[in-house]
Amino acid sequence: MTMIWPNTEPPVAERWRAWPASEVFPARLAGTTPSGARTAYVLAGIAPETPCTRAFHRDTGLHGCLTALRATYVDSTQTFAATAGIAVLTGPPARRDEPRDARPATVRPYTVPGGPAELFGSRQYITGARVSSDDRYVVMTAAGYTDGRPYTKDESATPRLRRVARELAAAIHRRLTG
């Protein structure tokens with residue numbers, strides 16, 4: 001006789017609520033530096049659950065957003081920081097292309113005092129990314145440098161950091177929906 005155990009994994013739509021924060025935002029994620037070398041994104045801190053209007057920029061088009069979950073990561077060299085924001089929606093997101101602007105409207109950076117991300121905030125984010133599918137989550141990232149340099153319209157850093165932003169957004173989205 002074969003016994004079938006019930007699936008203990010929560011449905012994708014409930015993972016944000018059912019999983020502990022450490023499962024949603026793991027301590028380390030594998031990644032690639034802007035120059036192409038292997039690195040790890042290391043969790044610097046997790047923000048408290050936040051209303052969507054405070055966690056995301058106004059022009060993100062997140063209709064039906066219930067709540068926002070955010071965490072900030074730094075690369076293993078502590079050169080780059082990125083905040084990953086998860087918008088939990090009431091239904092599937094409206095289709096939107098990934099932002100092409102140098103500094104798109106995405107998640108608002110979460111500054112983590114007392115560590116390598118303490119100088120990374122709203123004035124320092126340089127670029128971002130957006131990843132979604134037909135589920136209830138949109139993951140957005142805002143990336144910049146950890147040394148506190150403010151955003152300028154200098155486009156030369158954007159392609160390098162855009163890879164960090166895209167990679168982190170995709171990794172978090174895969175965890176929630178995979």
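Let's start with one small link: the bridge partner of A82 is A143, which sits in β6. This is a predicted model, and that pairing is a handy way into it. Zoom out a little and you'll find strand β4 (residues 80-89) running antiparallel to strand β6 (residues 137-145), with nine bridges joining them.

Those two strands belong to an open sheet of six, with antiparallel pairing and the order β1-β2-β3-β4-β6-β5. At the edges are β1 (28-32) and β5 (125-132), each of which pairs on one side only. Ignoring direction, neighbouring strands of this sheet are turned by 30 degrees against each other on average.

Now look for helix α4, residues 158-177. Helix α4 lies across β1, β2 (38-46), β3 (65-75), β4, β5 and β6, and runs at about 150 degrees to β6.

Back to β4 and β6 for the side chains. The structure holds one aromatic pair, made by F80 and Y145. Their rings are tilted, with 5.4 Å centre to centre and 45 degrees between the planes. F80 is in strand β4 and Y145 in strand β6, so the pair links distant parts of the chain, 65 residues apart.

Are these two residues buried or exposed? The cut-off for buried is under 20% relative accessible area. F80 has a relative accessible area of 7%, so it counts as buried. Y145 is buried too, because its relative accessibility is 7%.

Y145 has another neighbour to look at: R149 lies over the face of its ring, at 3.8 Å from the ring centre. There is also an arginine over the face of Y125, namely R103, at 4.2 Å from the ring centre.

Key: Residues are numbered from 1 along each chain as its sequence is written. This is a predicted model: local features need pLDDT of at least 70, side-chain atom pairs count only at pLDDT 80 or more; totals for chains, interfaces and linings use all residues. Side-chain values use heavy atoms; hydrogens and water are left out. Two strands pair if DSSP finds at least two bridges between them. Helices (H or I, at least four residues) and strands (E, at least two) are DSSP runs, numbered from the N terminus. Axes are lines fitted to C-alpha atoms, for helices over the stretch in contact, and angles run from 0 to 180 degrees between N-to-C directions. Contact means heavy atoms within 4.5 Å. Rings of Phe, Tyr and Trp (its six-membered ring) pair if their centres lie within 6.5 Å; planes under 30 degrees apart count as stacked, over 60 as edge-to-face and the rest as tilted. Buried means under 20% relative accessible area, exposed over 50%, partly exposed in between (1.4 Å probe, protein chains only). A charge sits over a ring if NZ of Lys or CZ of Arg is within 6 Å of the ring centre and within 35 degrees of the ring normal.
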